[in-house]
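Biologist: I should like to learn how to read the backbone and the overall fold of a model. May we work through one together?

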Amino acid sequence: METAYRVETVRAAEAALLARLPDGTLMARAAAGLAAACAGLLRPGLSGARVVLLVGSGDNGGDALYAGARLARRGAAVTAVLLDEERAHPGGLAALRAAGGRAAGTAGAEALIARARLVVDGITGIGGRGGLRPAAAGLARAAAAHRVPVVAVDLPSGVDADTGEVRGEAVRADVTVTFGTRKPGLLIDPARAYAGEVRLVDIGLGPELPASPDLTALGDADAAALLPRPAAESDKYRRGVLGVAAGSARYPGAAVLTVGGALRGGAGAVRYAGPAGDAVIARYPEALVSAGPPGRAGRVQAWALGPGLGDGPDAARAADDVLAADVPVLVDADGLRLLDPERVRARSAPTVLTPHAGEAAALLGTTRERVEAARLASVRELAGRYGAVTLLKGSTTLIAAPADGEGPGPVMVNATGTPWLATAGSGDVLSGLIGALLAAGLAPLDAAALGAHLHGLAGRAAPMPPMASTVTEALPEVWARLSPPR
């Protein structure tokens, strides 16, 4: 499982470790890892390779300078561009000069960058707040204009380490070498798009970090451990029966895709209640179909509500029936427009919401642009307002639980997504898939995170370019790869 911690937590862990180590040990470890990553990018021909360090004040610049000294000792031609010479890390600057590197001011820096084979961003790192200042922004633009590969030290300068927000100009890195642990901004867009490939260097922080990270992402092994597996005595009810209230005369395909996601998501049975029964039964004869309302569909362990439901009186009646049920409910698409926060918070059973950015904006009374710029804050606000696990779809899918006690609830990020899943009906498949996992008994946060993980893997496994229906059909392959049949 990938984990990420806020800057405050990282600083505390560093302080605890530094108290037991000789001065400079952590910086030496960080610089060694950074230099190794840079050397790998410069092969073959490290000797004579021009490297430009963009150096701000503080330890981030110090890491860059010490790494530059290591590269200079191996024959690279290293120049440090100092944004503020008086505040540059003195030890790192002395080490660079002793190794044969040199330092310069910002005048003439673009010409240095244009001739470089590699630029190292040591401007602000995790301590920065807001976008780059003008002088630093000019250097970042020069690296981009001349297409010089950029390695960021710990975090691309100008992005927010804790939230993933980008409030102004920022460095766009090809590789980010981060130390001790990942930071949330490396996993959350828009900042994630600035980080490039993220490489984690172990500097010994692990034992000092708290057991509960600020952000987690499932790996394949974690996903495999969560997959529901039938036991010898299982029947369809023990495996989980999902009710689906989706689709309409205008959008019967939404019902078909939601049911398909549920069946391919391991449901023991699916009860479909609504006007698209003929389309559902034609594609999936396994489904148990009724015309509705959902309250008369029969016994279920969870409901998936909303895809293609429309906004007429029948849709409102379906939503009333489903939300009154004492079982977990997933709400997506049209169902989201029918929600009242007080009613959702008052439910006796869990609720999972799965909006995209536009739907989240409508629920929050803000703009889509604001949601996409502040994805972490938005998903947490939705989870708190509705008292529901909330999955915010998008370039990075985030899943947040409502607060339980003093601090915010846990947040997970899905690392398997692909832009190819931005296709009609893909979200309907995800609704059925997560609904099936809820019906199987998974906790809401686990069901949402596992569903997103499987959905992303299926999007990658489906024939290119994928459609929602081919994503559905790729789910068994993904399931078998994670958990071979016994």
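Biologist: Which glycine follows H17, and is its phi positive or negative?

Modeller: Please note at the outset that this is a predicted model. As a general idea, most residues other than glycine have a negative phi. Here the residue that follows H17 is glycine 441, and its phi is positive, near 105°.

Biologist: What follows H3?

Modeller: Glycine 75 comes after H3, and its phi is positive, near 105°.

Biologist: How should the length of helix H17 be checked, and what span is expected for its 14 residues?

Modeller: The check uses 1.5 Å a residue, which gives 20 Å for the 14 residues of H17 (residues 426-439). The end C-alpha atoms of H17 are 20 Å apart, so the model agrees with that expectation. Helix H3 (residues 59-73) can be treated in this way: its 15 residues reach 21 Å from first to last C-alpha, close to the 21 Å expected.

Biologist: How many residues of H17 are buried, and how many of H3?

Modeller: A residue counts as buried when its relative accessible area is under 20%. In H17, 14 of the 14 residues are buried, so this helix is largely enclosed by the rest of the structure. H3 is mostly covered, with 11 of its 15 residues buried. Among the buried residues of H3 are Asn60, Asp63, Leu65 and Leu71.

Biologist: Why may residues some places apart in a helix point the same way?

Modeller: An α-helix has 3.6 residues a turn, so residues three or four places apart point the same way. For H3, the buried set includes Gly61, Ala64, Gly68 and Ala72.

Biologist: Which residues other than glycine have a positive phi in this model, aspartate 154 and alanine 333 being of interest to me?

Modeller: Aspartate 154 has a phi near 75°, a positive value in a residue other than glycine. Aspartate 154 lies in the loop between strand S6 (150-153) and S7, and it is buried, with a relative accessible area of 7%. Alanine 333 has a positive phi of about 50°. Its place is in the loop between strand S14 (329-331) and helix H13 (341-346), and alanine 333 is buried too, with a relative accessible area of 16%.

Biologist: Where are proline 190 and proline 293 found, and what is the state of the peptide bond that leads to each?

Modeller: In general, most peptide bonds are trans. The bond that joins aspartate 189 and proline 190 is cis, with omega about 5°. Proline 190 is placed in the loop between strand S7 (175-179) and helix H7 (192-195). The bond from glycine 292 to proline 293 is cis as well, with omega near 0°. Proline 293 sits in the loop between strand S12 (288-290) and strand S13 (302-305).

Biologist: How many helices and strands does the protein chain have, and what is its radius of gyration?

Modeller: The chain has 19 helices and 18 strands. Its radius of gyration is 26 Å, close to the 23 Å that the globule rule gives for 486 residues, so the chain is as compact as a globular protein of that length. The C-alpha trace spans about 80 × 50 × 45 Å along its principal axes.

Biologist: What share of the residues is buried, and what share of contacts joins residues at least 24 apart?

Modeller: Of the 486 residues, 56% count as buried. Among contacts between residues at least 6 apart in sequence, 69% join residues at least 24 apart.

Key
Residues are numbered from 1 along each chain as its sequence is written. This is a predicted model: local features need pLDDT of at least 70, side-chain atom pairs count only at pLDDT 80 or more; totals for chains, interfaces and linings use all residues. Side-chain values use heavy atoms; hydrogens and water are left out. Helices (H or I, at least four residues) and strands (E, at least two) are DSSP runs, numbered from the N terminus. The radius of gyration is taken over C-alpha atoms; the globule rule is 2.2 Å times the number of residues to the power 0.38. Buried means under 20% relative accessible area, exposed over 50%, partly exposed in between (1.4 Å probe, protein chains only). Contact means heavy atoms within 4.5 Å. The expected span of a helix is 1.5 Å times one less than its number of residues.
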